[in-house]
Amino acid sequence: MTRTTVPPVACVGEPRLTAGFAEFGRLDLAAHDEVHGPVGPMEPATLLRLAEGIQLKGKGGASFPFARKLRAVLESCERQDASAVVVVNATEGEPASWKDKVLLTRAPHLILDGAALAAYALDAEEIVIGVADDGVGRDSIMEALAERRMPVPSSVVTVPHRFISGEGGALVNGINGLPHIPPGTKKRSSDSGVSGLPTLLSNAETYAHLAVAARLGPYEYAAVGTDDEPGTVLLTVTGAAGRPAVVECAAGTPLRDILDLCEVPAGPGILTGGYHGKWITAEAADRAEISRKGFAAVGGTLGAGIMIPLGADTCPLGEAAQVVRYLAGESAGQCGPCRMGLPDLARAVDLAVAGSQPADVVRAAAGEVKGRGACSHPDGTARFALSAIEVFAEDLRLHSTGEGCGRRVKGVMGLPGAPDPNPQKLTLDWSRCDGHGLCAHVVPDFIRLDGNGYPAFPPTPVPTWLRAGAMKAVKVCPELALRLAKAE
């Protein structure tokens, strides 16, 4: 799939968020009203009871209880004697995720219904919908806004399509005219968000579920799903799937049913939850159920509902290493764990995959960033890397022998952009190198000095974000021992 092609939609069981898709494709206001029916405004106490009754949690990955967010904003408004702002996070910065874009392009009025319910209950000043600048969904949500009357002024803000732009604090910064990166210090948007006002910020799918529940009521909403997690879930299934799709299913549905529906072949493992998620084995996938508790029971995570299965014809460790390099490049660069720790982690993973250092080095590098960042990006990246070396331990053993697993890296993880047309790697002429160490000072994120003071670096291609530094290292080498060569 290209970055601007929305995947097909499928449903297992009763459609809710995807109701009417088969008949109408995209639901304009008339089709939306025909399929879903009317919904009236709710007082704060009523909306709180509804959100608590259906145990609604954020669908962006963090799974924070929506009722707690709503209550926190209400209390902040009262304490500060201030108006509220409602923000819909539909940026979907995760490259492998498509569920929010499906809602933007095909069910925009469900998102707007949920935002309108929240705005009325909060007596909000405005609604802001954040979308990515990749061209997917913006026109659809703008058209939907033009079709209806919202309870408060509503606008659409476009943010760069980057992994970290979807973080809540980064979105608030972008709306406020600041750089689209997470704030350097942790702060609660419920206290001070857009324009410094108490801000209710939640994911697009979360607002859509709120709109469905407002029509059904808590008891009918809970007629599907599990006792702990009522309702349905949207999943994005890509990777090695023969039929990649966004799938709606009831919580508690066996993961195997979804994998079979999407024609997923046998393979070594599945990434659950996205790039900040966890890998599980094929055996664990056969036991997993689609819910937060179900995935946790087999070592996975639901996260943002992203499932990326691998086929048997690709190197799982090589695929994981590409993602870690991408995540290191997506750093906001404003705290040490991101600016220095993530490139170090990417280097450690590269070296482990190349068989030139043990997995303990990856664990140590991950430990250096966990719990120390200004946002969750370092933690999520470390979790992904650690999960990969645990689930693919046998592959790692084969790589450590120098034999490798015998499979090439096909690049099925949904990373954005075209493959590097001219991948290059560093080479060293040992007959010339005198161990001056200048190269390691120029690009310490990729080149380190070994115990004898000589440069050591991964045999893999130099990441694109470090290419300029590598070229500079080549130029400063006094003995002309370092070279950049085309990677085969």
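A salt bridge here is a side-chain nitrogen of Lys or Arg within 4 Å of a carboxyl oxygen of Asp or Glu. This is a predicted model: local features need pLDDT of at least 70, side-chain atom pairs count only at pLDDT 80 or more, and totals for chains, interfaces and linings use all residues. Residues are numbered from 1 along each chain as its sequence is written, and side-chain values use heavy atoms, with hydrogens and water left out.

**Exercise 1. Salt bridges**

Task: Place the R256–D260 salt bridge in the structure, then examine two other pairs and a network.

Solution:
- Start with the distance. The R256 and D260 side chains meet at 3.2 Å, N to O.
- Locate the pair. Both residues lie in helix 10 (residues 255-261), four residues apart, about one turn of the helix. Helices (H or I, at least four residues) and strands (E, at least two) are DSSP runs, numbered from the N terminus.
- Check exposure. Buried means under 20% relative accessible area, exposed over 50%, and partly exposed in between (1.4 Å probe, protein chains only). R256 has 26% relative accessibility, so this residue counts as partly exposed. D260, with 47%, is also partly exposed.
- Take E143 and R26. Their salt bridge spans 3.8 Å, N to O. E143 sits in helix 7, while R26 sits in the loop between helix 1 (21-24) and helix 2 (29-36), 117 residues apart. E143 is partly exposed at 43%. R26 is partly exposed at 23%.
- Take D100 and K99. Their closest N and O atoms are 3.1 Å apart. D100 is buried at 3% relative accessibility. K99 is buried at 1%.
- Finish with the network and the total. Salt bridges link R79, R188 and D191 in a network. The structure holds 22 salt bridges.

**Exercise 2. The nonpolar cores**

Task: Which residues touch the most other members of the largest nonpolar core, and which element gives the largest share?

Solution:
- Define the set. A nonpolar core is a set of buried Ala, Val, Leu, Ile, Met, Phe, Trp, Tyr and Cys residues joined through side-chain atoms within 4.5 Å.
- Find the hubs. The largest core has 57 residues, and V86 and I129 touch the most other members.
- List contributors. Elements giving two or more residues include strand 2 (85-90), helix 6 (108-122) and strand 3 (126-132). Helix 6 gives the largest share, ten residues.
- Inspect I129. Contact means heavy atoms within 4.5 Å. Neighbours within four places in sequence aside, I129 is in contact with V88, L112, I141, L145, S155, V156 and V157.
- Look for another core. A second, separate one has 44 residues, including A320, C338, L342 and I389.

**Exercise 3. Strand 7**

Task: Is strand 7 (residues 245-250) enclosed or open, and which strands pair with it?

Solution:
- Count burial. Six of its six residues are buried, so strand 7 is largely enclosed by the rest of the structure.
- Sort the side chains. In a regular strand they alternate between the two faces of the sheet. In strand 7, A245, V247 and C249 point one way, and V246, E248 and A250 the other way.
- Apply the pairing rule. Two strands pair if DSSP finds at least two bridges between them.
- Read off the partners. Strand 1 (residues 9-12) pairs with strand 7 in the parallel sense over four bridges. A10 stands opposite V247. Strand 6 (residues 232-237) runs antiparallel to strand 7, joined by six bridges. T236 has V246 as its bridge partner.

**Exercise 4. T314**

Task: Where is T314, and which polar contacts does its side chain make?

Solution:
- Locate T314. This residue is in the loop between strand 10 (306-309) and helix 13 (316-329).
- Check burial. T314 has 1% relative accessibility, so it counts as buried.
- Set the criterion. A polar contact is a pair of N or O atoms within 3.5 Å; within protein, one must be able to donate a hydrogen and the other to accept it, and residues adjacent in sequence count only if both atoms are side-chain atoms.
- Find the contacts. The T314 side chain makes one with the side chain of E319 at 2.5 Å. A polar atom of that T314 side chain also lies 3.1 Å from the backbone nitrogen of K410.
- Add the surroundings. Not counting residues up to four places away in sequence, T314 touches E319, R407, R408, V409 and K410.
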